[in-house]
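Have your viewer ready and a selection box open. Let's take a short walk through this structure, one selection at a time.

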Amino acid sequence: MPLYSRPFISGNECCERLAYYGMSTNLVNYLQKQLNQGNVTASNNVTNWSGTCYITPLIGAFLADSYMGRFWTIASFSIIYCLGMTLLTLTASVSGLKPSCDKDACHPTGAQTAVTFVALYLIALGTGGIKPCVSSFGADQFDETDDGEREKKSSFFNWFYLSINIGALVASSVLVWIQMNVGWGWGFGIPAVAMAIAVVFFFSGSRLYRIQKPGGSPLTRIMQVIVASFRKSNVVVPADKSLLYETADEECNIQGSRKLESTSKFKFFDKAAVETQTDRVKGSADPWRLCTVTQVEELKAIIRLLPVWASGIVFATVYSQMSTMFVLQGNTMDQHMGPNFKIPSASLSLFDTLSVIFWAPVYDIVIVPFARKFTGHERGFTQLQRMGIGLLISIFSMVAAGILEVVRLNIVKRNNYYDLETIPMTIFWQVPQYFIVGCAEVFTFIGQLEFFYDQAPDAMRSLCSALSLTTVAVGNYLSTLLVTIVTKVTTRNGKLGWIPDNLNRGHLDYFYWLLAILSVLNFLVYLWIAKWFTYKKATGRAN
């Protein structure tokens with residue numbers, strides 16, 4: 001990677017993440033206090049919005065890989081992001097857009113609520129062009145044909161994720177305190193300024209970047225393979241893979257891509273690369289009848305990634321609890337640090353961030369060299385092993401959260417604290433569950449970033465990075481679904497249910513046990529998926 005382009009990409013991501021987490025970390029409290037929403041409604045709105053933030057990258061990734069390239073996609077969507085942040089700041093600070101409040105509650109109008117959600121979903125659209133492209137754009141700066149640069153690329157993902165969490169650290173500590181003690185206008189205004197700085201950072205390095213040209217619509221190439229395969233469903237695939245159709249040149253005919261070797265799985269799609277007499281029109285191959293081996297392997301690569309993608313959904317559901325149930329649990333505990341200072345419950349997520357900041361360099365500097373002695377692998381662990389370790393660790397975060405809630409409810413029951421807003425139990429008992437999630441992130445999320453970049457076809461890397469991010473989206477939606485189902489089932493016959501507005505009368509611990517059980521089952525399925533997976537094999541050079 002060109003040495004001088006690194007700070008601009010990392011600086012951009014640090015500021016953008018500061019903006020995102022500065023707004024999202026405490027969003028559940030904003031919806032509760034300023035828009036007067038209950039626990040379940042606020043929690044579901046946060047997870048639905050957060051889920052959308054991880055679905056929109058599919059739009060940005062498609063545009064980046066097909067037409068605009070990663071540089072211009074990041075630049076364009078950053079403007080939309082800034083507009084959303086500005087509008088959200090105005091809804092929290094300008095009279096008329098800001099809800100009127102008295103000493104008991106705030107009273108938002110329908111229009112004020114609507115404008116707030118317009119701002120939030122503009123941000124969701126803006127982040128859709130940035131999330132899938134920035135990590136891939138950074139990795140593009142490395143020359144994969146150079147052994148030294150290829151080795152450094154693995155470290156890049158660790159340090160890239162570290163820059164994300166430096167931004168998140170400021171957000172979850174300083175900005176959350178400002179929101180709860182100074183005001184929401186300042187609390188959202190500072191992230192808006194941070195986003196503007198991120199844009200300046202990014203454009204400042206324009207002359208230093210390696211720009212990879214877009215390779216055309218990946219969806220078109222995928223559809224061509226599927227159509228050609230079904231058209232030739234009766235064709236026999238030769239045992240000699242060298243007889244399958246591929247361009248004669250060393251360079252691939254797909255812009256920005258290397259050739260891929262044929263693999264043995266999903267042989268049905270190899271039919272698309274079997275040449276027949278009807279495949280050519282005026283001497284040229286009809287792409288809807290005859291596809292190259294590389295094109296076929298692009299589709300196979302996506303299919304191979306899907307089970308690994310699905311195995312990340314439950315982990316993302318566990319991760320989403322930090323911005324919802326962990327915050328609501330913390331709201332019921334003593335938030336004092338000394339006699340006068342109160343730490344907002346959402347600020348406890350800084351311990352997740354500190355955990356990542358601690359474990360990311362430890363993994364790169366200590367764990368990888370140590371593991372390398374036993375595994376012989378240049379990266380210490382394979383990417384799939386790394387992700388699996390993270391999935392295993394995440395189970396213990398739900399166990400820790402569940403045990404804490406059992407202890408908290410026992411204190412409530414023993415002292416009849418049912419109607420107390422906060423009980424005399426320090427919020428810092430939540431630190432272990434946040435710290436464990438952070439440790440799991442370093443293994444699973446960073447491993448996932450690297451895995452989906454490496455195993456993606458060269459001309460579909462933004463799309464595959466977006467695919468990895470959609471696990472977070474589906475995880476958030478799964479959290480919403482679980483909360484909705486649990487609430488509906490457990491409130492039958494007039495019961496308060498597991499997650500009532502007064503958690504002292506509920507059973508949030510049952511919800512944590514449910515997630516722990518789902519995590520164990522997910523881990524067992526993942527072990528089978530990892531054993532089945534075949535890594536891609538690229539040859540030649542990109543054109």
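Start with the disulfides: how many turn up in a search of the whole structure? The search finds one. Keep in mind along the way that this is a predicted model.

Select Cys101 and Cys106 and show their side chains. These two residues form the disulfide, with 1.9 Å between their sulfur atoms. Now look along the S-S bond: the angle about this bond is 100°, and the link of Cys101 and Cys106 is right-handed.

Stay on the pair and switch on a surface. Which of the classes buried, partly exposed or exposed does Cys101 fall into? Cys101 counts as partly exposed because its relative accessibility is 42%, and partly exposed covers the range between 20% and 50%. Its partner Cys106 has a relative accessibility of 5%, so Cys106 counts as buried.

Two other cysteines are worth a click. Select Cys291, which is buried with a relative accessible area of 0%. Then go to Cys439: at 11% relative accessible area, Cys439 is buried as well, since the cut-off for buried is under 20%.

Next, move to the surface. Select Trp177, Val182, Trp186, Ile190, Met337 and Phe341 together, and colour them as one group. They make a nonpolar surface patch of about 590 Å².

To finish, pick out one member of that patch, Ile190. Where is Ile190 found? Ile190 lies in helix 7, which runs over residues 184-204. With a relative accessibility of 31%, Ile190 counts as partly exposed; patch residues need over 30% relative accessible area.

Note on methods
Residues numbered from 1 in each chain as written. Predicted model: local features only at pLDDT ≥ 70, side-chain atom pairs only at ≥ 80, totals over all residues. Heavy atoms only, no water. Patch = residues over 30% accessible without salt bridge, like charges linked within 9 Å, V, L, I, M, F, W, Y side chains within 5 Å. Areas by Shrake-Rupley, 256 points an atom, 1.4 Å probe, with all protein chains shown as cover. Salt bridge = Lys/Arg side-chain N within 4 Å of Asp/Glu carboxyl O. Helix = DSSP H or I, 4+ residues; strand = E, 2+ residues; numbered from the N terminus. Buried < 20%, exposed > 50% of the residue type's maximum accessible area, 1.4 Å probe, protein only. Disulfide = S-S within 2.5 Å.
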